[in-house]
Amino acid sequence: MDALDLLLNRSSQPRLQEPAPKGEVLENIMQAALRAPDHACLTPWRFVVCTGQGLDRLGDIYQQAAKIAGKPKEDIDRAVQLPQRAPMVIVAICQYSEHPKVPRVEQIASTACAVQAMQMTALAQGFGGVWRTGGYAFDEHVKQAFSMKENDELVGFLYLGTPMTKPLAKPQRDSETFFEHWS
Ligand SMILES: Cc1cc2nc3c(=O)[nH]c(=O)nc-3n(C[C@H](O)[C@H](O)[C@H](O)COP(=O)(O)O)c2cc1C
């Protein structure tokens, strides 16, 4: 896929099935994350690639979080199914460290760039993905399960797999709505 075509037409793929990226394809996805812009080379990223029983483990963590939060039975039952919406989920965590020139927001932004880079690299290799958060990304039990410190941030769950459908064509946005030009 041409780089410009990818950039201009990127689209999320919420409906995903087996197979998940693996081997060199997965390595490319991981390497792209590690090329994210990173002020002062802090490498504030940590990623957990979940497949197979790893997805069950993630579902168990969600379910436990739902129980602790006193959610209704319906939500508790559903929690365990959430990670099963794709054959792979990459958990992207920003591990914040204090730095005089790099505030927390920049370290989170760097991790977000890594998520976008992974989605793009999946697309470029014929796979699809969708970036999700939802309440579990901000849940204390989930944070503990990933051994996150207080100022770390769970930036997203990147669901990856083989697209089941073609993405819907999206209306073009007008650049003038969002860009002004100072010249
Ligand atoms: C930080 C972040 C969190 C998101 N969380 C969710 C989510 O929990 N559920 C969801 O359906 N979409 C979520 N999205 C939006 C999708 O990833 C996607 O961008 C959106 O459905 C629009 O589709 P598109 O990427 O093809 O334009 C999130 C996006 C970002 C950047």
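Here is a quick briefing on the fold, the two helices H3 and H5, the ligand shell and some backbone oddities. Keep in mind that this is a predicted model. The protein has 7 helices and 5 strands, and from the N terminus they run α-β-α-β-α-α-β-α-β-α-β-α. Its radius of gyration is 18 Å, close to the 16 Å that the globule rule gives for 183 residues, so the protein is as compact as a globular protein of that length.

**Overall shape and packing**

- Taken along the principal axes, the C-alpha atoms fill a box of roughly 55 × 45 × 35 Å.
- Buried residues account for 30% of the 183 residues in the protein.
- If you look at contacts between residues at least 6 apart in sequence, 81% of them link residues at least 24 apart.

**Around the ligand**

- The residues surrounding the ligand are Ser-11, Ser-12, Val-130, Trp-131, Arg-132, Thr-133, Gly-134 and Gly-156.
- Strand S4 (residues 128-132) gives the largest share of that shell, with 3 residues.
- Sorted by class, the shell comes to 2 nonpolar, 5 polar and 1 charged residues.

**Helix H5**

- H5 covers residues 104-124, and its 21 residues should span 30 Å at 1.5 Å a residue; the end C-alpha atoms are indeed 30 Å apart, so the expected span and the model agree.
- Plenty of H5 is tucked away: Gln-107, Ser-110, Thr-111, Ala-114, Val-115, Met-118, Gln-119, Thr-121, Ala-122 and Leu-123 are buried.
- The cover over those buried H5 residues includes two helices, H1 (3-9) and H2 (23-33).
- Strands also help to cover them, including S2 (45-50), S3 (88-94), S4 and S5 (153-163).
- S4, then, turns up in the cover over H5 as well as in the ligand shell.
- After H5 comes Gly-126, which has a positive phi near 90 degrees.

**Helix H3**

- H3 takes in residues 53-68, and at 1.5 Å a residue its 16 residues should span 22 Å; its end C-alpha atoms sit 22 Å apart, so this helix checks out too.
- The buried residues in H3 are Leu-55, Leu-58, Ile-61, Tyr-62, Gln-63, Ala-65 and Ala-66.
- Their packing partners are strands S2 and S3 along with helices H4 (73-79) and H6 (140-145).
- S2 and S3 therefore appear on both lists, packing against the buried residues of H3 and covering those of H5.
- Gly-70, just after H3, takes a positive phi of about 70 degrees.

**Backbone oddities in the loops**

- As background, most residues other than glycine have a negative phi, and most peptide bonds are trans.
- The peptide bond from Glu-18 to Pro-19 is cis, with omega near 0 degrees.
- Pro-19 itself sits in the loop between strand S1 (16-17) and H2.
- Ala-40 is not a glycine, yet its phi is positive, at about 65 degrees.
- You'll find Ala-40 in the loop between H2 and S2, and Ala-40 is partly exposed because 13 other C-beta atoms lie within 10 Å.
- Thr-43 isn't a glycine either, and it has a positive phi of about 40 degrees.
- Thr-43 is in the loop between H2 and S2, where its 13 C-beta neighbours inside 10 Å make Thr-43 count as partly exposed.

Definitions and conventions
Residues numbered from 1 in each chain as written. Predicted model: local features only at pLDDT ≥ 70, side-chain atom pairs only at ≥ 80, totals over all residues. Near = placed C-beta within 6 Å. Helix = DSSP H or I, 4+ residues; strand = E, 2+ residues; numbered from the N terminus. Nonpolar A, V, L, I, M, F, W, Y, C, P; charged D, E, K, R; others polar. Expected span 1.5 Å × (residues − 1). Buried ≥ 20, exposed ≤ 12 C-beta atoms within 10 Å, placed from the backbone. Contact = placed C-beta atoms within 7 Å. Rg over C-alpha atoms; globule rule 2.2 N^0.38 Å.
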